[in-house]
Each structure stands twice: as structure tokens, then as C-alpha cells.
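Morning, everyone. I'll take a few minutes on pockets and then on the barrel. Here is the model.

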Amino acid sequence: MAELHRQMGVQLNALGAPVQYGPIATAYRAAHDSAIVVDQGRIGVVDLVGADVRRWANGMFTQNFRNAKIGASLQSGWCDDRGRLQGLFQAAFIADDHIRLLLADTSADAFIEHFDRYVLVDDVEFNQPDVAVFSVIGPRAMITLGAVGLHAKTGARINHADDVTLLPSARALVSCTDVVVPMDRAAPLWNSLISGGALAAAMAVSEVLRVESGTIRFGVDSAPKALPHELALRDRILSFEKGCYVGQETINRLDVMGQARKGLAGVMSNAPMTTGDSVFVGDTVVGTVTSPVLSPRFGHIALAVVRKPHDEGVEVRIGDAGAGRTCPLPFPVAEIPFPAL
């Protein structure tokens, strides 16, 4: 895939994903009117295989792996013993003894190295498939996939056939399906999707869509000691109807007592922002800017974990001079039409 992108004159990031294909505004509109396809590069994919994978995963991760049905998809993560978030992923339940994890901002090697120590007598193996990951985004995403023989399912369900996995994604507010395909079939599939009407797009527009949706990147929008409640992840990745898992005691206590002092918010500014800019209310620093982007719809926006109750929408100062406000996530689409398109 990297060579295919280079032939198009496209710059690649460290994961081999294209940074930008043409104007962001063009791809952004296509993501809302039709469909785009984004190569996510060689992000981490790990297959958990073995008779004990459900029981083992239930004790390691934040979601309920025992009760998930075959064909289900769920977001989950893992914490340390103090409930602090350590990683995120999307899980695809392919069979009772096979769960595919699409990792977010963690390499497969790092994941396997960390969790291999927790497999003692369990029948659990970690496999690292040689795959590419595409995101097909837009209202015509499912139609575009169907035209090339890939049939995404609605809701939190996957489709796994012929070694290709389709699973729902939270990368955007519009319809988004991640496609995990064997590497030796990736380039032909990419070309087929484009021939079928999807616009080739890249990480620049994918980042805008992600920030608008209020979806964090682990390690980018999260501090080392951040708790899931502080990152708007309570309802996305936590189960309160399962047995013990690492960090559960702290997470449950926080949930019962409602003691989260910070919350993830959107930040809208009248000027460009930079990662690390302080967010002020009066003369008090209440948070720090992460993931700043220029949205064709909202202008200069970013994410920030800020002190409560300032995450609910207040006037703020960003950095030395920028004026703006915080807002609940996702960004309030009804308030602002497409000003730049």
C-alpha cells in the first residue's frame, strides 16, 4: 500500500498511512454526501485465539466479553490497578474462540508484550495477522462496500468472511466501517473501492471527523493518569454488569460517588490552536488543548480535558490571545452550518 500511495505523490506518516489526498474540504464534503476511503496504515491488529479467550478477556478488559454474541462488536479498553486508562480497542467477536482486536494507538507488538505475562495456564494465543485497515466513511459507505462484494452490517455487528473483517467504527459521526483485509489483497481492494465511487482521502480529513465526533486518541488526548470517566468513555467502554477486572474497584467507586473532577470537552476558537495551549477561565488554567484541527464546518476546533463544570460550555481564553468557548461533545452541528463549503 505504501508504494501505491507514493506513486500518487502522497506523503506518508510513520504508520505508512497517507497524510493528505487533495483538499481537505473536498474529502470532507464527500464524507457527508457520498463516501471516502482512508488507509489507516499498519495500525495494531491482534487476534485472540483459544478456548479460554472470553473468560481471560473478561478479567483483563473493561467490557463484558462473556456475554457478547458471535458477530458482535464492542469498544473496550484496559486499565491499571488504579483504574487509569492504558489503552483502547474495537473488538470483533468472530467465534467463541476467536476475537479480533483493532487497537487504537497501541502497536500489536506492545500489546502482546504487555499481556503475554498474564497468560498462565489459559488456552489463549496472540496472533498478529498481516493486514491493512481501511475506513470507508459516508452515507454511501455500505453501498460502496456492497458494490465490491463486502457487506457491512448495521448496528454494533461485524461481518467476517474470507479473512476480511468489517466492523463499525466511532471515527466519525457519519457512517463509518473499518475494513481489515489481508495485506496481499489490500491494493486491489483500495482500487476497487475508488472505482466503485469512494474518494481517496487521508488522515488529515479523518482527524477532523474524529475530533468533531469527540473520539479521543489514546496518548494524544489522554494524560498518563486519566480515568475513563474523564474522557467521555463511561458509556462507550465500561461494563458494570460483569465480574472483576483490572481497575474495576476504582472505576466502580468513581461511578457511584460521581467524583470525576474533569471532563472531555470540545473547544472552539477564533484563531488557530496548538497542542499544549492552556485553556483559561479568567486567569485560571482549567485544561489543555489537544488534537487541534481546522474543520470546514466549525473552523478552529480541538479537544480538551477541563475541570468541571467548565466542560459544559463556557467562554474561555486559549493560550496568549485566542478567544473561544468550550462545548459538549460531539460538536453542536445544529448551531453552525457549513461556513467554509
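The lining of the second largest pocket splits into 7 nonpolar, 4 polar and 5 charged residues. Bear in mind that this is a predicted model. The volume of that second pocket is about 290 Å³. Its lining counts 16 residues. Nearest the centre lie Asp221, Ser222, Ala223, Lys262 and Val305. Which elements give two or more residues to this lining? S14 and S15. S14 gives the most, with 4 residues.

Now the largest pocket. Its volume is about 820 Å³. Here 38 residues form the lining, and Ile43, Leu103, Ala104, Asp105 and Arg171 lie nearest the centre. By class, that is 16 nonpolar, 12 polar and 10 charged. Several elements supply at least two residues each, among them strands S3 (73-79), S4 (85-95) and S5 (98-104). Helices H4 (108-115) and H8 (234-237) are also on that list. Which element has the largest share? H7, with 4 residues.

On to the barrel. It is closed, with 6 strands and antiparallel pairing. The order is S12-S15-S14-S13-S16-S17. From one strand to the next, the twist averages 40°. Helix H7 (203-213) packs on the sheet and touches S14 and S15 (299-307). The directions of H7 and S14 make an angle of about 140°.

One pairing in detail. S13 (278-281) and S14 (284-295) run antiparallel, joined by 4 bridges. Phenylalanine 280 has valine 285 of S14 as its bridge partner.

So keep two names in mind. H7 leads the lining of the largest pocket, and S14 leads that of the second largest.

Definitions and conventions
Residues are numbered from 1 along each chain as its sequence is written. This is a predicted model: local features need pLDDT of at least 70, side-chain atom pairs count only at pLDDT 80 or more; totals for chains, interfaces and linings use all residues. Side-chain values use heavy atoms; hydrogens and water are left out. Two strands pair if DSSP finds at least two bridges between them. Axes are lines fitted to C-alpha atoms, for helices over the stretch in contact, and angles run from 0 to 180 degrees between N-to-C directions. Contact means heavy atoms within 4.5 Å. On a 1 Å grid over the protein atoms alone, a cavity is a set of points where a 1.4 Å probe fits but cannot get out, and a pocket is an open set with protein on both sides within 12 Å along at least five of seven lines; lining residues have an atom within 4 Å of a point. Grid points are joined across faces, edges and corners, and a volume is the space filled by probe spheres set on the points. Ala, Val, Leu, Ile, Met, Phe, Trp, Tyr, Cys and Pro count as nonpolar, Asp, Glu, Lys and Arg as charged, and the others, Gly among them, as polar.
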